[in-house]
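Please open the model in your viewer and keep the selection tool at hand, since this tour moves from one selection to the next and says what is found at each stop.

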Amino acid sequence: RDGRSDWSSDVCSSDLAPMRAIALLAALALTACQPVPVDAPPPGAFPETEPAVAVVDGHIIPTLVVDAITNGLSDEEREQFENSPQYAEFQDGLITQEILYRKAIAAGAHESDNAQLLVALAAREAIVRAYMEQVGEESVTDEGIAQEYEDRAVEFRREEAKASHILVRDAALAADLKAQLDAGGDFSALAAEHSIDPGSKDKGGDLGWFQRERMLPEVADAAFAGAEGNVIGPVESRVGFHIIRVDGRRDSRPLDEVRGELEESVKAAALDQFVREAKEAAEILYPTADGDAAEGTGAAAPADDGHGHGADDGHGH
């Protein structure tokens with residue numbers, strides 16, 4: 001023992017100890033920075049984000065749920081739905097579901113094999129639906145819309161008229177209104193005040209564009225015979241007396257007016273093709289009762305030979 005052992009021990013205690021302390025502190029800092037594991041939410045849990053449809057026992061039912069369910073409705077249709085009596089029933093249904101859902105989770109119902117299978121099926125359906133919506137949206141192009149419009153030109157090439165009317169029951173009132181209009185009276189104001197047609201009076205009497213066969217014969221005859229701007233009447237029909245203003249004529253419906261219909265048609269055709277090609281590209285086997293697998297295609301299952309076996313496809317299966 002020449003003292004070297006004590007010397008090396010002193011070095012360890014004096015020089016290396018601070019380094020070990022620094023390393024320990026660094027390790028503790030890294031540990032502190034690691035995120036604390038958070039339990040995954042149970043299946044079916046909504047993101048608890050504002051704004052809310054309702055808050056049930058502290059749990060938010062977000063309006064995102066309404067957005068998802070009403071996806072595809074126009075802003076006007078969405079507003080009508082939210083202001084209808086059906087919306088209160090819909091809201092109550094969501095609340096009832098939330099209450100029962102929380103009870104089911106607390107009871108562990110989501111852990112059963114059957115529940116997990118049903119959740120998987122629902123998830124598959126939702127994922128496929130969202131994906132197909134994406135595929136459909138991506139299929140819509142201005143060129144495709146224009147081609148669809150051209151392909152269906154005969155369908156849209158029909159003579160239409162646009163007209164407004166004031167409908168009243170009394171012949172004398174109708175004659176008086178016609179005289180006021182001839183003297184420069186405001187058609188929209190008179191329609192709003194006197195017309196008994198609830199579908200048009202608040203729109204200045206506007207009947208929109210229509211084909212001859214879709215309108216009362218007396219109104220259609222006047223609208224299709226008169227020049228744009230003419231005020232015709234009184235014209236008597238089975239519902240009363242009409243003062244009719246011809247607002248326009250056209251030989252076909254313009255593309256912009258039928259664009260929504262054309263988009264749906266393009267999407268449907270694109271999705272049919274997408275599904276067909278996906279099935280044709282897939283390898284599909286149909287297991288048989290004896291444990292073998294009969295080869296098939298996405299177009300059709302193999303024919304049954306009457307004994308639970310697919311027909312011989314030439315591949316020895």
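A salt bridge, as the term is used here, is a side-chain nitrogen of Lys or Arg within 4 Å of a carboxyl oxygen of Asp or Glu. Please keep in mind throughout that this is a predicted model.

Begin by selecting Glu264 and Lys267, which form a salt bridge whose closest N and O atoms are 3.7 Å apart. Both residues belong to helix H11 (residues 255-281), and because they are three residues apart in that helix, about one helical turn separates them. Are these two residues buried or exposed, or something in between? Glu264 has 48% relative accessibility and so counts as partly exposed, whereas Lys267, with a relative accessible area of 14%, is buried.

Next, select Arg253 and Glu257, another salt-bridged pair, in which the closest N and O atoms are 3.5 Å apart. Arg253 counts as partly exposed because its relative accessibility is 25%, and Glu257, at 39% relative accessibility, counts as partly exposed as well.

From here, add Glu148, Arg152, Glu155 and Glu261 to the view, and you will have a network of residues linked by salt bridges. For the wider setting, a search of the whole structure finds 20 salt bridges.

One further salt bridge deserves a stop, so select Arg249 and Glu159, whose side chains meet with an N to O distance of 2.8 Å. This pair links distant parts of the chain, since Arg249 lies in strand E6 while Glu159 sits in the loop between helix H7 (153-156) and E3, 90 residues apart. Arg249 has 36% relative accessibility and therefore counts as partly exposed, and Glu159, at 40% relative accessibility, counts as partly exposed too.

The loop that holds Glu159 leads to the next selection, strand E3 (residues 160-168). How many of the nine residues of this strand are buried? Eight of them are, so E3 is largely enclosed by the rest of the structure. Now show strand E6 (residues 240-250) beside E3, and you will see two strands that run antiparallel and are joined by nine bridges. To find one place where they pair, select Leu167, whose bridge partner in E6 is His242. Then turn to strand E4 (residues 206-210), which also runs antiparallel to E3 and is joined to E3 by three bridges. Here the residue to select is Ala161, which stands opposite Phe210 in E4. While you look along these strands, it may help to recall that in a regular strand the side chains alternate between the two faces of the sheet.

Move on to helix H8 (residues 171-182) and select Asp176 within this helix. Asp176 has 38% relative accessibility, and therefore counts as partly exposed. If you also select Pro234, which is 58 residues apart from Asp176 along the chain, you will find their C-alpha atoms separated by 9.6 Å.

For the last stop, select Asp75, Glu76, Glu77 and Glu79, which gather in a patch of negative charge on the surface. Of these, Glu77 can be picked out in helix H3 (residues 75-82), and because its relative accessibility is 38%, Glu77 counts as partly exposed.

Methods:
Residues are numbered from 1 along each chain as its sequence is written. This is a predicted model: local features need pLDDT of at least 70, side-chain atom pairs count only at pLDDT 80 or more; totals for chains, interfaces and linings use all residues. Side-chain values use heavy atoms; hydrogens and water are left out. Patches are made of residues with over 30% relative accessible area and no salt bridge: like charges are joined within 9 Å, nonpolar side chains (Val, Leu, Ile, Met, Phe, Trp, Tyr) within 5 Å. Accessible areas come from the Shrake-Rupley method with a 1.4 Å probe; for residues, only the protein chains shown count as cover. Lys and Arg count as positive and Asp and Glu as negative; His and the chain ends are not counted. The place of a charge is taken as NZ of Lys, CZ of Arg, CG of Asp or CD of Glu. Helices (H or I, at least four residues) and strands (E, at least two) are DSSP runs, numbered from the N terminus. Buried means under 20% relative accessible area, exposed over 50%, partly exposed in between (1.4 Å probe, protein chains only). Two strands pair if DSSP finds at least two bridges between them.
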